[in-house]
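Please follow the charged side chains through the structure shown below, and keep asking which parts of the chain each pair brings together.

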Amino acid sequence: MYKGAGNSIGIAIGNALVIREQAQEIVRKQVDDCAMEAQRLDAAVQKAKEQIEVLLEKANEELGEDQALIFETHLAYLEDPGYIGKVYGMIEEECVNAEWALEVVTEQLAAIFRASGGDVIAERVDDIRDVARRITNALLNIEEPGEGNVPGLEASIVLVADHLLPSELMRMDLKRIVGIVTQSGGTTTHVAIIAKSRNIPAVMGVAGVLANVKTDDVVALDAKKGVVEISPDERALAGYREAIAKNKKTAELLRPYIGMDAVLSNQKRILVEANIAYPEDAAIALQNGADGVGLFRSEFLYLERATEPGEEEQFAAYQSVAKRMQGRPVIIRTMDIGGDKPAPYLNLPKENNPFLGYRAIRICLDREELFRNQLRAILRASAFGKVLIMLPMISALEELIKAKAVIGKVKEQLRQENIAFDPGIEVGIMIETPAAVMLSDALAAEADFFSIGTNDLIQYTTAVDRMNERVAHLYSPYHPAVLRQIALTVKNAHARGIPVGVCGEAAGDAKLVPVLLGLGVDALSMNPHGIPAVKKTVCTGSAEAFEELAGQVLKMTTIEQIKKKLGEIG
C-alpha cells in the first residue's frame, strides 16, 4: 500500500498499464553550418506543431474547448521567445546541434521553475518537457507512438508511470482508463486536471510505486484518501467495491442538486460557486452545477513562464471563462504572487518572511504597469460576461483607494481607445488579514463585495504556518477567533449593504457550512466537486437552525468545544 496526493474524485479498481520512460541520451556536437542547423530545428518545430494540432482537435472533441487549452499552451511554447527563441539563439551563438541546445534551454527553464518553490509553477515543467520531447523526436526521426487499444488487458486500465505528460494521456483510449497513478508530480499538473475533468480518480506523487508493480497487476486506488494498493487480497477488494457502490449511490442522491438553485428555508438564495486555477477548470465547475466562479486564481498566467504575460494572452484566458460561464459571475482575483508563489522573471527580493512581505496588492501598487496590463485584460473580458475584480491581501483602506484609482485610470484609457468593457464592473476585496477584519466597516464603504479567504485568515490570525509540519496541527478553521472574525466581517458588510462570500477551504467543509450559513454568508466558493453536497445542505437545512447553531458556536472558547458541537450534528 502506498500514499500520495489524490484528486478527490473517488475509488477505482483496474489492471495496471505500466508506462516506463524511454530515456534518450543527448550529446553536444559542434556543427559546421549554424544556419543549416537552425533549419533542422525549423522543420522539427513545424512537425511538432502539426502533431500538437492533431491532439488539440482530439482534445476539443473528447474533452471540450476548456481542456483543449492545454494544447494551445503547448503551441504557444513553440513561439515563445523566452523558450524556443533561446534555443535558436544558442545554435547561432555556439554552433551546436539543435538537440543539445533544446535540452540545455529546457533544463535551464525547468531549473528556474523548480527553484521557485511553488508546486504549481514547478509542475508546469511537464508541459515544457512534453513540447521538448516532441521536438527532439522530430529531430531524431523517432515516430510518435500511435493511438489505440492496448492488447491483452481488460477494459478497466489504471495507468501507472513515474510521471505522465498530457500528450501521452491523450494518445490513450480515455474510455478504458479508470484510474491514474504517478510516482512524481501533484494534483495541479495538466494530467491531473484532465483526469478530474473526466472523473478519473488519480493519485499523484506516490513514491516508490514503480518498484513493485508490473503491467496487468490489479491496482486499487482511493483518490480521496490518496491511497494506492497493488494486488490487494479479496477482502480488501470487497471493501473497495463496496466503497465504489456507496460513492455511486451518493452521487446519484446528489445529482438532482447539480442543476438546482441553493435556496434556504427563509427563501434567501446562496450562490454556490467554484474556485478555479485554469480556464479549463470552468468546464468542471459547470459539470458540478456551479452558480459562478467565486475565485479565479490568475497566478497561472504569471507562474508558468520565463517572461511576463502580455495583455492579449491574459485577455484570451479571462474572456474564455467569461464566455463559458454564460452570464454567471466570474470573480477574477488580481495576481496574488509573492509569498509561496514567486515569479522568477520579476526578480522579487529574497525575504525571511515572504508571507509577511512583498506580495499580492503590494506588488501591484508598486509596479503599476504590471497591474495596469492585467486590469486592461480583465476589463476587456468584462464585455463578454459578468466579470468582477477582486483585490487580494488588502490590509489598509489606503490600498483599496489606490487600487480603485488605478482601475479608474485604466477605464478612462479604454474609453479613449473605444475598447468595450463593463463600466459598472464590481470591485471587491479578499478579507485575509485581521487588519482587514477590524477595518471591514470602513472597507465596506469602498468595496462592492467581500470574499473571505479563510486559508490565509486562519494563518495570519493564529500565527501558524500551515506548511510547517511542527505547527500545522495548530492550524484550524474551527478556531473561535477565526469564526468570530467571519461574523464581524459579515455584520459590517451587511450594514453597508454589500454581500460576503467565503472562498477558502472552509467553504466546502461539510461541518462548517451550516455555521457559515448561520452567520449570514451570502456565497460559498470551493473545489467544484464539493458543490452538489453543499447545495444539498443549503436546500434541506433550516435557516433558523443554522442561525441558532452559529450563535451557540460564537459563544464557545476552544477548538475542541466547537469540533465536538459540530460533530454532534453530523
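In this predicted model, a search of the whole structure finds 24 salt bridges. One of them is formed by the side chains of Arg333 and Glu299, with 2.9 Å from N to O. Arg333 belongs to strand 12, which covers residues 330-333, while Glu299 sits in the loop between strand 11 (293-297) and helix 11 (300-303), so this salt bridge ties together parts that are 34 residues apart in sequence. Both Arg333 and Glu299 are buried.

A second place to look is the pair made by Glu311 and Arg380, a salt bridge whose closest N and O atoms are 2.7 Å apart. Here, too, distant parts of the chain are linked, since Glu311 lies in helix 12 (residues 311-324) and Arg380 lies in helix 14 (residues 368-381), 69 residues apart. Are these two side chains buried or exposed? Because buried means under 20% relative accessible area, Glu311 counts as buried at 18% relative accessibility, and Arg380, at 12%, counts as buried as well.

Arg380 also takes part in a salt bridge with Glu312, in which the side chains meet at 2.9 Å, N to O. This pair again links distant parts of the chain, with Arg380 in helix 14 and Glu312 in helix 12, 68 residues apart.

Salt bridges can also be followed from one partner to the next: those that share partners join Glu299, Arg333, Asp336, Arg359 and Asp456 into one network, and within this network the reader meets again Arg333 and Glu299, the pair joined by a salt bridge of 2.9 Å.

Notes. Residues are numbered from 1 along each chain as its sequence is written. This is a predicted model: local features need pLDDT of at least 70, side-chain atom pairs count only at pLDDT 80 or more; totals for chains, interfaces and linings use all residues. Side-chain values use heavy atoms; hydrogens and water are left out. A salt bridge is a side-chain nitrogen of Lys or Arg within 4 Å of a carboxyl oxygen of Asp or Glu. Helices (H or I, at least four residues) and strands (E, at least two) are DSSP runs, numbered from the N terminus. Buried means under 20% relative accessible area, exposed over 50%, partly exposed in between (1.4 Å probe, protein chains only).
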